[in-house]
Amino acid sequence: MAGITFSGLATGLETDDIITELMTLERAPLDRLEAQKEAEATRLAAFKQLDSRLEDLRAAVGDLNITSEVRTSRISLSSEDALTASSNGAASGSYDITVVQLAQMQKTVSVGVSSDTVAGLGTGTFTVAGKTITVDENNNSLQGLADSINALSEKTGVEASIINDGSGANAYHLVLTGQDAQTSFTASSNLVDSEGAALPFSLTETRSAQQAVAYVDGIQVVSDTNTVSGVIPGVTMHLSSVSDTSYSGTYEAGVDPWEWADPPQYDSTLMTVEPDTEALKEKVSTFVSSYNAVMDWISAGYDEFGAAAPSAEDIEAGAEDILSDVVRGDSTVNGIKRQLQNILSSQIDTTGSMSVLSQLGISTQRDGSINLNDSAFNEALEKDFDGVVSLLAGENDTEGVMKKFNTKLLEMTGATSGMYAEKQERYDSAIKRLDNQIARTEPLIDKKEATLRAKFSALELLVSDMNSQSSFLTQQMDMLTNMMTGNN
């Protein structure tokens, strides 16, 4: 507990005020260290703002650095009755599509039994896809048999499930399903009750395994699933129904309808693939906005560019407090700006007619930001769409502009070696150093204050003693004077 002091009772001095003022001077070095900590924190926050904008720019160029992202296309179908389709960088073209058979997996269903858990299947064997399962008291319920079948599914390619048809009596059915459209299997049972009498547990194939079959411009295409990709580069077709027929053809037993001598006439679906220029323009516009966000942040610290930080009222209303002014002239910031501008103006050697971004209507402004001229961009797309794709995403072994941006931005924003990671490491080191200095300085200041208070306390005691002696001497002199004058 601090001692009680009575400031200046003997001397009349404002001791506490004097000590406070003296300690304010003594604490100046400590205050400077604390101010340096705040400055380091603000500086790190500034680099965090820049890193956030670089991350946004990296995301924007990530949507433009590979051909499939730039060559955006849209698909239109004359009908969606038989199929739908999606595009991932597909080239322009038109195709006639006919669906003559959907893919399906084999389904085999058992006769119904009264319970899925009660042991009622007797004993014996159950064979599926050539593998025999022993049925005994450990697995002679419907669920037990299903579990035994599933334990062998990797070998047989058959999985078992149970369905309740809701009929009440004998409502539980074992359902066997092949793993894909090429898996055909047989299943049979040889079960007897406790007296050796055969137990009927019949199985019926309700659906056979078959591949999907379609025709693309008259060429037969087969698939194990109803999702067909790779036939047309960049296009994925989702088959949903067999195409309608305008002529039923002449039936031939044991022959697929499309293989009949007189086959059905299937209605075809016209699929058209064309460039989706609006989607590409939106991605390029996002790139321009993201690039400008970086340059605007950098130029916000320079009055000559006219980029002003938000006012106090704006910040109070929710605007971000732009901190680029605290790193004005920083070599890292200037280096980032210079590297991005160099990539922006780089020339790409492609076989197309486009080699620099300015040919797309992207121009650089005085403050480092860029502008997209819509009419020039539209003209470039109309004139040489493939050239635009090559310029942005590259071709063969040649990197496009956006690939160059992506590579550099990945380097700038890396979690362990990027710009902010390096600044964070520097900040941690600086704070540790400052904290150590503060830790060494604070005890010295506390000791100085204690020394000052001790000296002032000693002064008060000395003055108090002197005042007491002065009072005693004054009293004695008064008594001596009275004795000499005869005054009592």
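Two strands count as paired here if DSSP finds at least two bridges between them. Keep that in mind as we walk through this structure, which is a predicted model.

Let's begin with how far to trust it. The pLDDT averages 87 over the protein, and 91% of the residues score at least 70. The exception to point out is the very start: residues 1-6 have a pLDDT below 50, and in the model that stretch has one contact beyond near neighbours in sequence. Where pLDDT is low, the predicted coordinates should not be read in detail.

Now for the sheets. Strands of a sheet pair through backbone hydrogen bonds, either parallel or antiparallel. One open sheet here is built from three strands in the order β2-β14-β13, and its pairing is antiparallel. β2 (83-87) and β13 (227-229) sit at the edges with a single partner strand each, so each has one side left without a neighbour in the sheet. Going from one strand to the next, the twist averages 20°. To see how β2 meets β14 (residues 235-239), look for the five bridges that join this antiparallel pair. A handy place to start is L83, which stands opposite L239 in β14.

A further open sheet of three strands runs in the order β6-β5-β9, again with antiparallel pairing. Its edge strands are β6 (131-135) and β9 (187-192), and each of them pairs on one side only. The twist in this sheet averages 15° from one strand to the next. Inside it, β5 (residues 123-128) and β6 are held in antiparallel register by five bridges; for one of the matched positions, find G124, whose bridge partner in β6 is V135.

Next, a hairpin. β11 (residues 212-216) and β12 (residues 219-223) run antiparallel and are joined by five bridges. A212 stands opposite S223 in β12. Two residues lie between the strands of this hairpin, and D217 takes a positive phi near 50°.

While you are looking at strands, one general habit is worth knowing: in a regular strand the side chains alternate between the two faces of the sheet.

Finally, let's move to the largest pocket, which holds about 160 Å³ of space. Its lining is made up of T332, G335, I336, Q339, E411, M412, S417, G418, M419, E422 and K423. Which elements give two or more residues to that lining? They are α8 (331-344), α11 (401-412) and α12 (419-485). Of the elements, α8 gives the most to the lining, with four residues. Sorted by class, the pocket's lining has three nonpolar, five polar and three charged residues.

Technical notes. Residues numbered from 1 in each chain as written. Predicted model: local features only at pLDDT ≥ 70, side-chain atom pairs only at ≥ 80, totals over all residues. Heavy atoms only, no water. Axes fitted to C-alpha atoms, helices over the stretch in contact; angles between N-to-C directions. 1 Å grid on protein atoms, 1.4 Å probe; cavity = no way out; pocket = protein on both sides within 12 Å on 5 of 7 lines; lining within 4 Å. Points joined across faces, edges and corners; volume = space filled by probe spheres on them. Nonpolar A, V, L, I, M, F, W, Y, C, P; charged D, E, K, R; others polar. pLDDT = per-residue confidence, 0-100. Contact = heavy atoms within 4.5 Å.
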